[in-house]
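Visitor: I'm new to reading protein models, so could you walk me through this one? Let's take a look together.

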Amino acid sequence: MTARALDGRAVAREIYEQVAAGVATRVAQGKPRPKLVTVVVGDDPASAQYVRMKQKNAKQVGIDSEDHRLPPETITEQLLELVQRLSRDEAVSGILVQQPAPPHIDMTRVIEALDPVKDVDGFHPVNAGLVALGLPGGVKPCTPAGILELLERAGIPIEGANAVVVGRSNLVGKPTALLLLKRNATVTICHTRTRDLASHTRTADILVAAAGRANLITQDMVKPGASVVDVSTVWADGKQVGDLGPGVGEVAGWLTPNPGGVGPMTRAMLIKNTYEAEVRRRP
Ligand code: NAP
């Protein structure tokens with residue numbers, strides 16, 4: 001492999017150090033510690049594990065955390081009541097409702113019930129709208145914000161670059177494209193109805209693959225020297241892989257390891273968002 005690594009673990013460590021220093025300074029000034037509240041409905045072991053990792057990351061940097069575990073039979077109204085109470089609670093900086101929730105829960109209503117300032121996932125329509133409008137002041141969704149942070153900290157030029165995003169989900173593809181556009185990239189969004197995917201990906205100086213399809217992006221679909229971000233977490237033969245086929249690292253200039261690229265950045269951005277939510281609310 002000749003591509004340089006876009007090392008998400010190393011950049012995430014830098015972010016944790018910066019947040020930890022910010023928290024320590026605030027505490028020394030007599031300000032309260034930021035507090036992250038996580039909510040999990042049901043007993044999905046993967047969700048429980050994700051939330052444990054997020055709480056561990058919060059603790060590492062001096063952010064307090066609190067976890068609410070609700071039984072699988074919880075109804076939307078009960079979750080709404082909790083989210084509204086946490087939104088009003090002065091001591092709470094950020095609220096995260098782990099997804100997926102059981103299918104009977106109306107997550108649109110739950111997210112809309114969050115105070116947008118405490119929506120550290122950046123999913124509330126107010127925050128999504130601020131990203132779409134390119135306006136400051138909102139909370140950016142963690143995975144797209146993490147991708148931009150990785151590119152920027154590596155010094156990869158974004159302004160004027162051809163950026164191709166494969167995937168148009170509200171969680172990843174669409175906000176990533178909008179953040180790249182905000183940084184003055186020329187952005188193309190591809191999806192399952194795109195004709196001749198390779199003709200688009202080959203033009204990409206920055207290629208973000210977020211389709212969740214193993215081996216979708218083959219070596220011949222990548223422009224030599226391109227910066228390639230593999231967002232996807234797909235499992236093949238018992239190990240985590242992404243959208244990239246073998247040999248992409250021989251052509252790309254920069255490449256995210258997978259695992260170890262976008263995943264650690266997503267968690268770090270949640271912690272950064274929690275800290276910034278506290279600073280914004282109580283400067
Ligand atoms: P999603 O909601 O399933 O969206 C996938 C997108 O990819 C859709 O827009 C889909 O197009 C497009 N797509 C699928 N197959 C394609 C193909 N053959 N050609 C072109 N486009 C194709 O998934 P998501 O939530 O955006 O997540 C994407 C991947 O990232 C998943 O593997 C997920 O696990 C991973 N992920 C990782 C992190 C992390 O922190 N590392 C965070 C979030 C997500 P249509 O819209 O036309 O269906």
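Visitor: In what order do the 6 strands of the open sheet run?
Guide: Bear in mind that this is a predicted model. The sheet is an open one, and its strands pair in the parallel sense. Reading across, the order is β1-β11-β8-β7-β5-β6.

Visitor: Which strands are the edge strands?
Guide: Look for strands that have a partner on one side only. One of them covers residues 4-5 and the other covers 186-190. That makes the edge strands β1 and β6.

Visitor: Over how many bridges do β5 and β7 pair?
Guide: Strand β5 takes in residues 162-166, and β7 takes in 206-209. The two pair in the parallel sense, with valine 165 standing opposite valine 208 of β7. The count of bridges is 4.

Visitor: Which helix packs on the sheet and touches β5, β6 and β7?
Guide: The helix you want spans residues 173-182. Its direction makes about 170° with that of β5. It's helix α7.

Visitor: Which element gives the largest share of the lining of the second largest pocket?
Guide: This pocket has a volume of about 410 Å³ and is lined by 23 residues, with Lys140, Ala145, Leu148, Leu179 and Lys182 nearest its centre. Four helices give two or more residues each to the lining: α5 (125-133), α6 (142-153), α7 and α10 (262-281). The largest share is 6 residues, and it comes from α10.

Visitor: How many residues in that lining of the second largest pocket are charged?
Guide: Split the lining by class and you get 10 nonpolar and 5 polar residues. The remaining class is the charged one, with 8.

Visitor: What is the volume of the largest cavity?
Guide: A search of the whole structure turns up 1 cavity of 30 Å³ or more. Its lining includes Ile95, Val97, Met107 and Phe123, and β4 (94-97) and α4 (107-113) each supply at least two of the lining residues. By class, the lining has 6 nonpolar, 1 polar and 2 charged residues. The volume of this largest cavity is about 50 Å³.

Visitor: Why is the chain said to be as compact as a globular protein of its length?
Guide: The chain's secondary structure comes to 10 helices and 11 strands. For 283 residues the globule rule gives 19 Å, and the chain comes close to that, so it is as compact as a globular protein of that length. The value to remember is its radius of gyration, 19 Å.

Terms used:
Residues are numbered from 1 along each chain as its sequence is written. This is a predicted model: local features need pLDDT of at least 70, side-chain atom pairs count only at pLDDT 80 or more; totals for chains, interfaces and linings use all residues. Side-chain values use heavy atoms; hydrogens and water are left out. Two strands pair if DSSP finds at least two bridges between them. Contact means heavy atoms within 4.5 Å. Axes are lines fitted to C-alpha atoms, for helices over the stretch in contact, and angles run from 0 to 180 degrees between N-to-C directions. On a 1 Å grid over the protein atoms alone, a cavity is a set of points where a 1.4 Å probe fits but cannot get out, and a pocket is an open set with protein on both sides within 12 Å along at least five of seven lines; lining residues have an atom within 4 Å of a point. Grid points are joined across faces, edges and corners, and a volume is the space filled by probe spheres set on the points. Ala, Val, Leu, Ile, Met, Phe, Trp, Tyr, Cys and Pro count as nonpolar, Asp, Glu, Lys and Arg as charged, and the others, Gly among them, as polar. The radius of gyration is taken over C-alpha atoms; the globule rule is 2.2 Å times the number of residues to the power 0.38.
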